[in-house]
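Notebook open, coffee poured. I wanted to go through this one piece by piece and write down what I looked up.

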Amino acid sequence: MSSSVLSASEGAVVSEALGYGVTVLYIVAFSLFIYGLMGLTGPKTAVRGNWIAAVGMGIAIVATLLGVYNSAGDAGVPGINWILIVAGLLVGVVLGIPPALKTKMTAMPQLVALFNGVGGGTVALIAWAEYIEYRGFTTVPDTPDVHVIVGSLFAAIIGSVSFWGSLVAFAKLQELLNKNLEKKLVAGAKAFQLANIVLALVAIGIAIYIGIKAGAGDGPTPWFWIVGLLVAAGLMGLFVVFPIGGADMPVVISLLNAMTGLSAAAAGLALNNQAMIVAGMIVGASGSILTNLMAKAMNRSIPAIIFGSFGGGDDGAAGAPGATGGTVKATSAADAAIQMAYANQVIVVPGYGLAVAQAQHAVKEMAALLEAKGVEVKYAIHPVAGRMPGHMNVLLAEADVEYDAMKEMDDINGEFGRTDVAIVIGANDVTNPAARNDPSSPIHGMPILNVDQARSTIVLKRSMSSGYAGIENPLFFADGTSMLFGDAKKSVGSVIEELKAL
């Protein structure tokens, strides 16, 4: 009997020590999350920051499994289905790693939207599983457990909105939607807004009903209530993003990312999992801050972006007269090379067209040739250039462009007035002077890069098609602007050959 008591005593000591070990591992994981996030502030340290945060997540997973094992006891580890855990890991690896390795930088926004959506969907499924396991939250230990009920219901709504909204964002960015259909969706913004109000009331009403039933302990709540909540929230996610115009998509991606983080934190609260709470709050907080910064960069409020989107205008034909009454002036690679070779300063303005053409390495080579001729080259980065926050920074960093040469909008705008040549590569809306000069323009008030103040401007575009906001750019018809039509990578390559020949 004394042996039995001694064995129980030793087991208690081991269990307590393991509990402390789990706490230490969580602290280490949280520290790595924060340290990894700090590395994401610059392209040079971003890869390292990602790896550090990934190691932290691995440690958090190990700590969680150890915690479950410890609470389950030494005998057989009930409650842990290792087959399902291993199967889930394998599915995640098979579905996650190949796209991450094969996706081109041009498609990175789509991948971010898709992966973000998977996170939100996972949280919604966790909430569903909690509901089923606790029979509508009526059999939660120490019922009513407010943390489990509120956390799960909040995670179900926000996670579902994030999942379905992210899928629509992915489809828009991947251009899977028919152009005419997309224009109709954008035009139907008010109808979607009304539907979303109804859906939000339905989802919240169901959540309140489930919470009241669980708190009263009136017995199991039928499964269809949680399904109804998830369906209402899912439709809301679709209807929120359907009418969002392309010009607002970077902000929407950031907002959906923040929502996924907040839903993960809520699910962590329900599961009493510190790793999910901390990681979710970090993602939610950073995503919310970034969303606010992006909205300010467009001089638009977040409600205005969600409820007053714009985008999807008609394309113009190459070389056609503009609505401003001007006519474009075409140039050649030889003329462009001469202009830049004899300039004191050249500012490169990258946009999504640069990403599509994968021209970043060619641009880096062109800049090196100009610098060898004594020309100072800088890069002007608009906060919403491309299809996601930091898109242009990532592309240029991939081509080993020095981070110090990449200037944010506020830092570079004062330089355009004393710049000989600004070369715009695939950028449109972020250089549109209508945002500053035309009160009737949909983008009026949006801060832009002051490209029109440079002594001369060279614009590299495939055609005279409008930007993602769907509006014409008067810059293209200005007296000091010339157009070099064609694929950006080929056009820059031709300029490089001309520079070498000078």
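Below are my entries, from the whole chain down to single residues.

**Entry 1: the whole thing**

I am working with a predicted model here, not an experimental one. I started with the inventory: the protein has 18 helices and six strands. Next I checked burial, and 46% of the 502 residues come out as buried. For the surface I got about 23300 Å² accessible, with 66% of that belonging to carbon and sulfur atoms. I also looked at contact range: of the contacts between residues at least 6 apart in sequence, 78% join residues at least 24 apart.

**Entry 2: the sheet**

In what order do the six strands form the open sheet? I read it off as β3-β2-β1-β4-β5-β6, with parallel pairing. At the edges I find β3 (406-408) and β6 (481-485). Each has a single partner strand, so one side of each goes without a neighbour in the sheet. From one strand to the next, the twist averages 25 degrees.

Then I looked at what packs on the sheet. Helix α14 (residues 360-372) does, and I see it touching β1 (345-350), β2 (376-381) and β4. The direction of α14 makes about 145 degrees with that of β2.

**Entry 3: strand pairs**

I went through some of the pairings. β1 and β2 run parallel and share four bridges, and there I noted Q345 opposite E376 in β2. β1 is also joined to β4, by five bridges, again in parallel. In that pair V349 stands opposite V424 of β4. Moving along, I checked β4 (residues 421-425) against β5 (residues 456-461): five bridges, parallel sense. I423 faces I458 in β5.

**Entry 4: how covered is β1?**

How many of the six residues of β1 are buried? I count six of six, so the strand is mostly covered by the definition I use, under 20% relative accessible area for buried. I wanted to see both faces separately. On one side sit Q345, I347 and V349, on the other V346, V348 and P350, and all of them are buried.

**Entry 5: D420**

I stopped at D420, which is in the loop between α16 and β4. Buried or exposed, I asked of D420? D420 is buried, at a relative accessible area of 17%; the cut-off for buried is under 20%.

What does the side chain of D420 meet? I found a polar contact with the side chain of R455 at 3.1 Å. A polar atom of the D420 side chain also lies 2.7 Å from the backbone nitrogen of N344. Leaving out neighbours within four places in sequence, my contact list for D420 reads A343, N344, Q345, R455 and S456. I also took a C-alpha distance: D420 and I347 are 73 residues apart along the chain and 8.5 Å apart in space.

**Entry 6: G414**

G414 is in the loop between α16 (409-412) and β4 as well. I find G414 exposed, with a relative accessible area of 52%; the cut-off for exposed is over 50%. I then looked across to N450: the C-alpha atoms of G414 and N450 are 8.0 Å apart, with the two positions 36 residues apart in sequence numbering.

**Entry 7: the N272 and N273 loop**

I moved to the loop between α9 (249-271) and α10 (274-297), where N272 sits. N272 caught my eye for its phi, near 60 degrees, a positive value in a residue other than glycine. N272 is exposed, at 61% relative accessible area.

N273 is in the loop between α9 and α10 too. Which way does N273 go, buried or exposed? I get 11% relative accessibility, and N273 counts as buried. A polar atom of the N273 side chain lies 3.0 Å from the backbone nitrogen of A275. Not counting residues up to four places away in sequence, N273 touches Y26, T64 and G268.

**Entry 8: D400**

The last stop was D400, in the loop between α15 (391-398) and β3. I noted a positive phi of about 65 degrees for D400, which is not a glycine. With 58% relative accessibility, D400 counts as exposed.

Key: Residues numbered from 1 in each chain as written. Predicted model: local features only at pLDDT ≥ 70, side-chain atom pairs only at ≥ 80, totals over all residues. Heavy atoms only, no water. Pairing = 2+ DSSP bridges. Helix = DSSP H or I, 4+ residues; strand = E, 2+ residues; numbered from the N terminus. Axes fitted to C-alpha atoms, helices over the stretch in contact; angles between N-to-C directions. Contact = heavy atoms within 4.5 Å. Buried < 20%, exposed > 50% of the residue type's maximum accessible area, 1.4 Å probe, protein only. Polar contact = N/O pair within 3.5 Å; in protein donor to acceptor, adjacent residues only side chain to side chain. Areas by Shrake-Rupley, 256 points an atom, 1.4 Å probe, with all protein chains shown as cover.
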